[in-house]
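User: Could you zoom in on one part of this protein for me and talk me through it? I'd like it in connected prose, with the cut-offs spelled out as you go.

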Amino acid sequence: MTVSESFSQYLCWNPSEVEKTVFVDAVSPSDAVFLATHQPMRIIRTSFTGSGDSKYVTEQELLQEFLRENESMMLLPIRGESGAGKSHLVRWMGAKIGDGNERRRVIYVPKYGTNLRKVIELILDKMEGDEVPELRAALHEATTKLDEKAAPSALLAALADRIEYSNWPSPATSDTQQTKDELQTRLPVLLRDVFFRDWFLRKDGLIAHFVHSALSGTRQGDHEKPFEFTTDELPTRLDDRDAARAARDVNYSLKYPTAARIAVEMMTTQLGPAIQTVFGLEGAVSLTDVMMETRRTLAKQDMELVLLIEDFTILQGIQRELLDAIVEPTKRPNEPDLCGIRTTLAVTSGYFDSLADTIKTRAAFASHVYDLNVPFSSGDTEGERTTLDFVGRYLNATRVGSAGLEAAWNRSKRIDADWIPNACEGCGFKKPCHESFGQTSDGYGLYPFNDVAVKRTVYAVTSSSFFDPRAVLGQVIRRTIEAEAADIKNGLFPSKEYGQSFVSAARPQKALPANVSMAVNDFPSPERRRVLLTLWGDSPDSIVNLPPGIHSAFSIPIITEVPTETPEWHETEAASQPTLKPDGSSERSARQIELIDQWATGNGLLDADIARELRQYLADALRTRVDWDITLMRPGAAFVREAIDQASFEIDQAAGGRSAGPRVWKTSIGPSEISGAILRAIVQHRTLGSWVFPGGPDAYRRLCNLLDSWAVEVVDHCRRLTDVETGASLATAMQALVVGAAFMGVAEAASDDPLDLLSAAFTPKAQAHLHETIGRDGATGTAARAAIEERRNDIIERVLLSYGARQGGGAMAHAIDAVPMLQAIEDLVSLGDNAAPAEEASPFVAGYAKALLRQWSGPIALEVSQIRIAVEQINSALGGTSDLYELGNLLADAARAAGDVKTFYPGHEMLKFTQECEALTGAGTLDAVYDIEDHLKNHAEGSERATLVWLATRPTVRLSPLRTFLIRAGNVLGEAHQRGQLALNAQSGSTGVGDSHNAALEQLVRAMRRAGGIL
């Protein structure tokens, strides 16, 4: 047996060692494993502002800048996307700096195995000064009671308080200011509502995620994105009927983009301060105070402070305090000197961009930004070498094993020494292995990869143009030497499934040519040979043998009659592409065609973007292919878009190729030679603008045949869905159109005259009271929006199509057969307002009707009842008087008196409250109450449709704030009275102060009595 033969199916590593040496998050508890796998990184150095030249630097150059002499302040961010190796680099810096310098106080904050409390304790442990014990005690007292059940509620409550009582800077525009002012008082109502609290505290929500991280620590695999609210965290898509009315009002207002944006900004801004409240960091002593005290103490000792932070996001809640203390200069006028401070922190690109400009400005004078988002592409010789060395170090570490690395490290204990054992030395297979598979610049063998296989697999799993260590470790190295170890040992590697896992639609590479793929069928192990030639051979243009050791290791026989080649990797296919117009789309189109060809043969997934474009093309083409005039249907444009859209087409084996939920009509397209030809031709047609290209006319004929057959299916489905020619469908349609008109505020809809109701039924949605109705909330608001926003016009068109007469071939109905419609309306009047939709109605009509008619009387009665209660409460509060001017002045004077003796809290609210009191005296406020009372009397015994018309146009805007203010007045003045009484009791026996308190209390009592019932 030759050495080459005995090399077959050989494992030179123990698969059980992989989990001890290959850590996907580049974090190892062992210094030996960490240093043995640490590959010097390629880093791009830029300025803080992004201006000026960028350049590649080494880790040593980064460290030299960080430790540069005579620097009083150094803030050195290490920026990169998740998985780029930021934490790894910070740990390497920590190992190089060490704790050996007596002039340095080093604080190292690890990414994993800690939580916010431990991080704060870790920082405090290295701090000095009289204030440290106080802050430590506050932290202990606050967090001792916290657990993952209680902490989320406490944090949400603190967030609501911070939003309501904080002083907010003025926005750039008055509209934004008004929205922010409203949200400052209304958003806390949403956060405190019992129904919505469950949404904000759900297990997969931001607050629960943060609390878990803060109390239990960050886990491997957690994302590095900062904890900040987005519009997805808003509950605007919830069915909020069980929530309080005031909270529903706020939630509906957040459906508007501007309000939603401002709301999430306010919540994110106050999240940090709320965290400090919950963790006991909001008091007389702050973390900034402690750090400043420590810097003053260390300055006296001629020492400096060094902060090494593996992940800046784990410091949520204390980031601002840390940054404020970090960027404070050492020398300030009339202040004690502060010690020098050096800080490096790992931060994602987006989070770095959000750092305050003032911090960036101060730090820009002291250092640079070091970026790990380093491009990876072919032709970059240094990048290719670094990639091979990166993979090789982990392969060698696994071969040596964790115990072997620990023993070698313990013998050396010198970071810069050549202490790492090379497992290839002394291996009997080193020569055939290295000659066939290759080796790194450190002399580590690449087996079971070769140069090409490393580059192709790494390129495939790198989703962007940046080198991604985390993806390489998990999807390339561990996948191959752990998951595929059994197949290598059993002669089943590389399998077809292994090859398919490195087909990337986002970053395609040259596929094995079809002639080569077919030719390998004549030789042993055709499936595995295809993968071998693709990944290890870089898809050659003809059948070749790779270096003999590769065939031997994988038990794939050499073909005697073909040449042997040593392959070289090329990032993308260099073959000639179709001739396309030179408009910048030719390269993209050629790549799309390549991916379609791979998909058609079953050798790859179709990219989601390509699938989406193809489905949209087919939807647009099919809409134009259906002749609605011939079908006598002529449905509205909205219905046509619903019946035929890109979700109507499913493309099998395509990312995002399947549509969610039922559709009016749907078809499926699977991979085949014909499907591939048609889709490839569509790409060429979209690029060239014509079908004049090789194979184009034939592909166009096939596409037209498909579209014609699909058009027949679409029409058949639409006929069944939109039919209103039956009595049940017509009755339901007319009923829904009349009630919909009532929701829209059409006056004729309040009548019982069938002709008035017929006119109301055909009033288009364009004439609705959009400015009034669209802002309504609650169950009636939901139905009102359905009346305006859904398919009302489409149903009108469908009824006119069935019962209207047209002149010639025109689309407009010039006359209608009113007899069946009036009969349906008369039945509606005789049955009363509560008639239910017919069960036999077509789905198209029934879906609209159910939104309007199902239990619609209940919400109307409830809303009228709520209005009646509100009016009664307001009248009770006003004491039956119209003298709002006197009441407003009395309340304002009482507030000022309470403010003078410091019992109106918080103080900044007093001015706002007195302004609201002045607004109460405005003309027309009480008139609104009287107008609503009149409407309630007039419609007490009327039909529900008449009530609906009134509800659609009533002036709710003035009623709700008046009631809310009166309730608010009672609350704030009552609280001020209680505080004043307590203060007066505490100061019994004193003079002067007691008199002022007595006077203020008397004013408060007069105001409360004068205001009446609610107060």
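What follows is a question about one pair of helices, and then a long answer. At what angle do helix α18 and helix α21 pack, and how far apart are their axes?

Analyst: Before the close-up, a word on what you're looking at. This is a predicted model, so to speak of local features I need pLDDT of at least 70, and side-chain atom pairs count only at pLDDT 80 or more, while totals for chains, interfaces and linings use all residues. Residue numbers start from 1 along each chain as its sequence is written, and side-chain values use heavy atoms, with hydrogens and water left out.

Some background on the whole chain. It has 47 helices and eleven strands; these are DSSP runs numbered from the N terminus, H or I over at least four residues for helices and E over at least two for strands. Of its 1015 residues, 52% count as buried, where buried means under 20% relative accessible area, exposed means over 50%, and partly exposed is in between (1.4 Å probe, protein chains only). If you take the contacts (heavy atoms within 4.5 Å) between residues at least 6 apart in sequence, 76% of them join residues at least 24 apart.

Now to your pair. Helix α18 covers residues 381-400 and helix α21 covers residues 451-461; they pack at about 95 degrees with their axes 10 Å apart. The axes are lines fitted to C-alpha atoms, for helices over the stretch in contact, and the angle between N-to-C directions can run from 0 to 180 degrees. That makes α18 and α21 roughly perpendicular to each other, because 65 to 115 degrees counts as roughly perpendicular, under 35 as roughly parallel, over 145 as roughly antiparallel and the rest as oblique.

Who touches whom? On the α18 side you'll find E384, T387, L388 and V391, and they meet D451, V454, K455 and V458 of α21. By class, the contact of α18 with α21 has four nonpolar residues, one polar and three charged. For that count, Ala, Val, Leu, Ile, Met, Phe, Trp, Tyr, Cys and Pro are nonpolar, Asp, Glu, Lys and Arg are charged, and the others, Gly among them, are polar.

Stay on α18 for a moment, since T386 sits in this helix too. At 11% relative accessibility, T386 counts as buried. Leaving out residues up to four places away in sequence, T386 touches Q39, P40 and R42.

V391 links to another helix in this picture. Its C-alpha atom is 8.1 Å from that of L473, although the two are 82 residues apart along the chain. L473 belongs to helix α22 (residues 469-483), and with 1% relative accessibility L473 counts as buried.

Back to α21, and the loop leading into it. That loop, between α20 (430-437) and α21, holds P448. The peptide bond from Y447 to P448 is cis, with omega near 15 degrees. Further along the chain, F493 and P494 are also joined by a cis peptide bond, with omega about 0 degrees; P494 is in the loop between α23 and α24 (496-500). Helix α23 itself (residues 485-489) contains A486, which at 45% relative accessibility counts as partly exposed. The C-alpha atoms of A486 and L11 are separated by 9.3 Å, with their positions 475 residues apart along the chain.

For a second helix pair to set beside yours, try helix α8 (residues 151-165) and helix α13 (residues 257-278). Their axes come within 8 Å and cross at roughly 120 degrees, so α8 and α13 are oblique to each other. Among the residues making that contact are A154, L155 and R162 of α8 and M266, Q270 and T277 of α13. By class, the contact of α8 with α13 has twelve nonpolar, two polar and one charged residues.

One last backbone detail while you have the model open. Most residues other than glycine have a negative phi, and most peptide bonds are trans. Q9 has a positive phi near 55 degrees; you'll find Q9 in the loop between α1 (3-6) and α2 (18-21), partly exposed with a relative accessible area of 28%. Q653 has a positive phi too, about 55 degrees, and Q653 is in the loop between β8 (649-651) and β9 (667-669), partly exposed at 41%.
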